[in-house]
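Biologist: Could you take me through one part of this model in detail, and then set it in the context of what surrounds it? I would be glad of a connected account rather than a list.

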Amino acid sequence: MRIFFIICLYLITYSINAQVKLLTLDDLDKRIAQGKDTTYVINFWATWCSPCVAELPDFETFHLANLKKPVKVLLVSLDFKSKLQKEVIPFVQNNNIKAEVFLLNEPDQQQYIERIDKKWSGAIPATLFVNKKVRRFYEKEFTEMELKNTLLNLK
Amino acid sequence: MKNLFLIGFMLVSSFGFAQNEGYKVGDVVKDFTLKNVDLKTVSLADYKDARGYIIVFTCNTCPVAKVYQERVSALNASYASKGYPVVAINPNDAGAVSDESFEKMQALAKEKNFSFPYLLDPNHLVTKQFGALKTPHVFVLSKTDKGNVVEYIGAIDNDSEGENPAKVNYVQNAINELSVGKKPTISATKAVGCSIKWKKG
């Protein structure tokens, strides 16, 4: 009986967690390396960052417009890990976000900010366009039109 | 041709965003006069006995800045008496985010019992002069014959969540080194913060 409960609990937590996975930069690099011709549009955001929250609908529209193309939108939250269950997952559910959402699982900002881009000050929103050949980082806000144009001119 | 133009434009604009036009380590800081929450004005020159300053760009609303409020107070408690007072500046525009208003700054300073000035920077003049890009963003200065020189730019520590086992207190270390006549071993760091809420239009 007790084991049954534990299994149930595990399944429940697992299904909730499945919506927002923890992501290390090694995971991210692996994903990009395995992406073949896919271009990843990786947005760094947080539930507490108002300009980030304001531009998320544009990323959603961009994601939905590119479903059949080799383009993947990854929304990487920089929220505190302690806020995953209470803030991030409810936010993703309430806003019905369809793009893939992650929470960055890196302890040291000093290392990960530099690793994502040497020029990044650490302010968000920030977005990385990356495929096997090109890597472009922008510390700025995007509209859907700007996302489209940046992708078109990524060479 | 059109594409080439677009690419060129994007390169220029991304460069513009990434380029920090403010102070770098080693630069001499121009003094400023800003209004404090107690309605009096504050300038660096007011601190006759200071050996340096801990300039903290912080604000009312940013969750990262909030997490660091107590640590900023602790810095002032530890280092003001040693000649390195905290001077906090709010870089945000109340027109962009109403909770960044001067009245809300006064309320916060009172509620949290700030023992240091918390200054309003209308039109972001001092913010741009320093090149602060986010909250919290710290500049440690030392007073020299040349003027107030930037010695450290960046984060307070590398542990915003309070759970990094390899915590390094960058600002404390920098001041400890400065106070014995050394240059900070680590003079620039980066951290995630809230972008500055610039005045619109």
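In which loop of chain B is Pro136(B) found?

Modeller: Happy to help, and please keep in mind that this is a predicted model. Pro136(B) sits in the loop that lies between β7 (134-135) and β8 (137-144) of chain B. The peptide bond that joins Thr135(B) to Pro136(B) is cis, and its omega is about -10°.

From that loop we can step straight into the sheet, since β8 is one of its strands. Eight strands of chain B make up this open sheet, and their order is β1-β9-β8-β4-β5-β6-β2-β3, with mixed pairing. At the edges stand β1 (28-29) and β3 (41-42) of chain B; each has a single partner strand, so one side of each has no neighbour in the sheet. Helix α2 (residues 63-79) of chain B packs on the sheet, where it touches β4 (52-57) and β5 (86-90) of chain B. The direction of α2 makes about 150° with that of β5(B).

Now to the edge at β1(B). Its link to strand β9 (residues 147-154) of chain B consists of two bridges, and the two strands run antiparallel. Within that pairing, Val29(B) has Asn148(B) of β9(B) as its bridge partner.

At the other edge, the loop between β2 (34-36) and β3 of chain B holds Leu39(B). Leu39(B) is not a glycine, yet it has a positive phi of about 75°. Is Leu39(B) buried or exposed? It counts as exposed, because Leu39(B) has 8 C-beta neighbours inside 10 Å, and a residue is called exposed at 12 or fewer.

Let us widen the view to the whole of chain B. Its secondary structure amounts to five helices and 10 strands. The radius of gyration of chain B is 17 Å, close to the 17 Å from the globule rule for 201 residues, so the chain is as compact as a globular protein of that length. Along the principal axes, the C-alpha atoms of chain B fill a box of roughly 60 × 40 × 40 Å. Of the 201 residues in chain B, 39% are buried. Among contacts in chain B with a separation of 6 or more, 73% are between residues 24 or more positions apart.

Chain B also touches chain A, in a contact that takes 22 residues from chain B and 24 residues from chain A. On the chain B side, α1 (2-18) and β10 (193-195) are the elements that give two or more residues. The most comes from α1(B), with seven residues. By type, the chain B side has 11 nonpolar, eight polar and three charged residues.

Strands pair across this contact too: β10(B) is joined by two bridges to strand β5 (residues 123-124) of chain A, and the two run parallel. Here Ala123(A) stands opposite Gly193(B).

Just along chain A there is another cis peptide bond, from Ile124(A) to Pro125(A), with omega near 10°. Pro125(A) lies in the loop between β5 and β6 (126-130) of chain A.

Chain A has a positive phi to show as well: Asn96(A), not a glycine, has a value of about 55°. Asn96(A) is placed in the loop between α4 (84-94) and β4 (100-104) of chain A. It counts as exposed, because Asn96(A) has 7 C-beta neighbours inside 10 Å.

Conventions:
Residues are numbered from 1 along each chain as its sequence is written. Chains are lettered from A and ligands numbered from 1 in the order in which they are written. This is a predicted model: local features need pLDDT of at least 70, side-chain atom pairs count only at pLDDT 80 or more; totals for chains, interfaces and linings use all residues. Two strands pair if DSSP finds at least two bridges between them. Helices (H or I, at least four residues) and strands (E, at least two) are DSSP runs, numbered from the N terminus. Two residues are in contact if their C-beta atoms, placed from the backbone, lie within 7 Å. Axes are lines fitted to C-alpha atoms, for helices over the stretch in contact, and angles run from 0 to 180 degrees between N-to-C directions. Ala, Val, Leu, Ile, Met, Phe, Trp, Tyr, Cys and Pro count as nonpolar, Asp, Glu, Lys and Arg as charged, and the others, Gly among them, as polar. A residue is buried if 20 or more other C-beta atoms lie within 10 Å of its own, exposed if 12 or fewer, and partly exposed in between; C-beta atoms are placed from the backbone. The radius of gyration is taken over C-alpha atoms; the globule rule is 2.2 Å times the number of residues to the power 0.38.
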